[in-house]
Amino acid sequence: MSMSAGTARPASPSAPDYAALRRIARTMREHILEMIAAAGSGHPGGSLSAVEIVAALYFHKLRWKKNDPSWAERDRFVISKGHGVPVVYAALAVAGEIPVAELSTLRRLGSRLQGHPDHAGFPWMEAATGSLGQGLSIALGMALASRLDGAPYRVYALLGDGECQAGQVWEAAMCAGKYGVHELTAIVDYNKVQLDGLVKDILDLEPLRAKWESFGWNVLEIDGNDVEQVVPALDRATETRGKPTVIVAHTTKGKGVSFMEGTHKWHGVAPNAEELARALAEVRAGAVQGG
Amino acid sequence: MGKATRAAFGEALKKLGERMPEVVALDADLAGSTNTHLFAQQFPERFFQLGIAEGNMVSVAAGLALAGKIPFAASFACFLTGRFEQIRVSVAYNRANVKLVGTHAGVGIGEDGYSQMGLEDVALMRSLPNMLVLQPADALEAEQAVEAAARHVGPVYLRVTRQKLDDVHASGYRFELGKLDPLRDGEQVTILATGGVVANALAAAAELAKQGISAGVVNVHTLQPIDQEGLLALAARCRQLVTVEDHGIVGGLGSAVCEALAETTGVRIRRIAVRTFGESGTGEALYEKHGLHAAGIAAAVAEFVRSGAPSRASA
């Protein structure tokens, strides 16, 4: 789990250090809670659910280079569920690409840490997203470019489950299936909860696996809050040929903080000082499994 | 009668593909109509047929651009700019180097009727801060506008016509991005026209000359950013302006000219554009109905000059 400065990280180091990934995930949760509390607004639930996925990407899977967000051969990661962007800012802080102190500028005037990702002002964000449904298409375009150029990079897109209600996701899914873009991996953060309530009540996605399969995708289904399942799934996606892969990652909304788990009430609300203290204590104690 | 600007676009894109390997093209089941099929035949590996899924097409184009390609994504103007949310975030906010090409502009398409007519597209694209908006007036200008769009770094919207257009430029014409293109001098009134109605404006000016009205004609191929300096210089010389466009009355050339001049000048402006939904009919019949044919433009300009001159003189 070394993050040696100035060198490109090879994809998939041979032996994933799961203990280190769990430590990183815990730190990322602390950063997420603290930055959203400091901002006074934001989306803790869907940021916390995606921690293990994003940790496994940045600290195991993605090829990227220190201090060089525009390195031509880097793997691209598009966070299509743009409201969850604090999870990416947290990873970049752990990686040392942004100072931890900068996290408290989240959502402030003049900050590059916009409430939803901004590409032009912050190149670590591969694309501006947050208007849900667009990120998979953008990632697909990048993957098609990689193939055209015979480039070494792969493209990853993280989608929300509620986001999969958007028609454009399925336009992109059909298109990626047509082109058999194995350079593309989508990950659905299936935390079962969206702003207005439970996904199954708002507009059920099931049968989700069958939907993706019928669009020509290789489908892997995992516990997305278990790094020991996330890492092998990402590796298997890399090995798949002739098809894009989607990882349906079953997660828990608000993972790691008991009172935020499984409820839409913490989709888009910042914790106050007392709630933050309780949440941080839980995360640090690893009181909830996955910490 | 010359070529349709969509035809000129298709040919120019194919030529551009030979010189610029980073140029790719996308279409949504209208390649035979937008003319991207010419590029597709020549460069099949650089052409993406995405089916009737324009929202996906716009965002895929953005992804290709963010990865270094110069994508031209084409569809009918209405279907393409109807995916405004994708254009707004995937393309414009990302500063993605995407070239959006909207064909079948305006009521000029004729028989297919309103649902196929681009009538709000310029308004939508002008509302985005970094969108370059181009509308060529003939085939020669279209070819050069395609090249200029490719060379410009940033999002571009290029609006072209279904119908064939009379040439308004001589063969040596050089397209100058962002500049007004004066075609005819006139003293009393200047007609600012864009796209498929520029030729009609020239014919109207010739007719007005017979009636003793001296009308100039300026082609406005760059709708955003509009040539503010050129417009102010024009307004200083000529206090009466008429805009003509095959587009809705809100947000197009007429709006752009008013916005550019209202804060600093007191010129009189009359806007000629489409004020209703479109409908089926021949393109010629629809131009007559909306006063976009030469006689309609001439009549509106003559009325404008006659109604305005005395009151301005006494003001």
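Here is a walk through this structure, from the place where its chains touch to the core and some strands of chain B. It's a predicted model, where local features need pLDDT of at least 70 and side-chain atom pairs count only at pLDDT 80 or more, while totals for chains, interfaces and linings use all residues. Residues are numbered from 1 along each chain as its sequence is written, with chains lettered from A and ligands numbered from 1 in the order in which they are written.

Let's start where the chains meet. Here 21 residues of chain A are in contact with 23 residues of chain B (contact: C-beta atoms, placed from the backbone, within 7 Å). On chain A's side, the elements that give two or more residues are helix H5 (135–149) and helix H6 (167–179); helices (H or I, at least four residues) and strands (E, at least two) are DSSP runs, numbered from the N terminus. H5(A) brings the largest share, 10 residues.

Leu140(A) is a good one to look at. Leaving aside neighbours within four places in sequence, its contacts include Ala172(A) and Cys175(A), and also Val60(B) and Gly63(B) from chain B. Leu140(A) is also among the residues with the most contacts inside the largest nonpolar core, which has 200 residues. Such a core is a set of buried Ala, Val, Leu, Ile, Met, Phe, Trp, Tyr and Cys residues joined through C-beta atoms within 7 Å. Buried takes 20 or more other C-beta atoms within 10 Å of a residue's own, exposed 12 or fewer, and partly exposed lies in between, with C-beta atoms placed from the backbone. The largest share of this core, 9 residues, comes from helix H1 (residues 18–39) of chain A.

Now over to chain B. Strand S3 (residues 70–76) of chain B is mostly covered, with 7 of its 7 residues buried. S3(B) pairs in the parallel sense with strand S1 (residues 23–27) of chain B over 5 bridges (pairing takes at least two bridges found by DSSP). In that pairing, Val24(B) stands opposite Pro71(B). S3(B) also pairs with strand S4 (residues 99–103) of chain B, in the parallel sense and over 5 bridges. There, Ser75(B) has Gly102(B) in S4(B) as its bridge partner.

Last stop: Ala193(B), which sits in strand S8 (residues 189–193) of chain B. Ala193(B) counts as buried because it has 30 C-beta neighbours inside 10 Å. Beyond neighbours within four places in sequence, its contacts include Val198(B), Ala201(B) and Val244(B). The C-alpha atoms of Ala193(B) and Thr243(B) are separated by 5.7 Å, though the two residues are 50 apart along the chain.

Note on methods. Contact = placed C-beta atoms within 7 Å.
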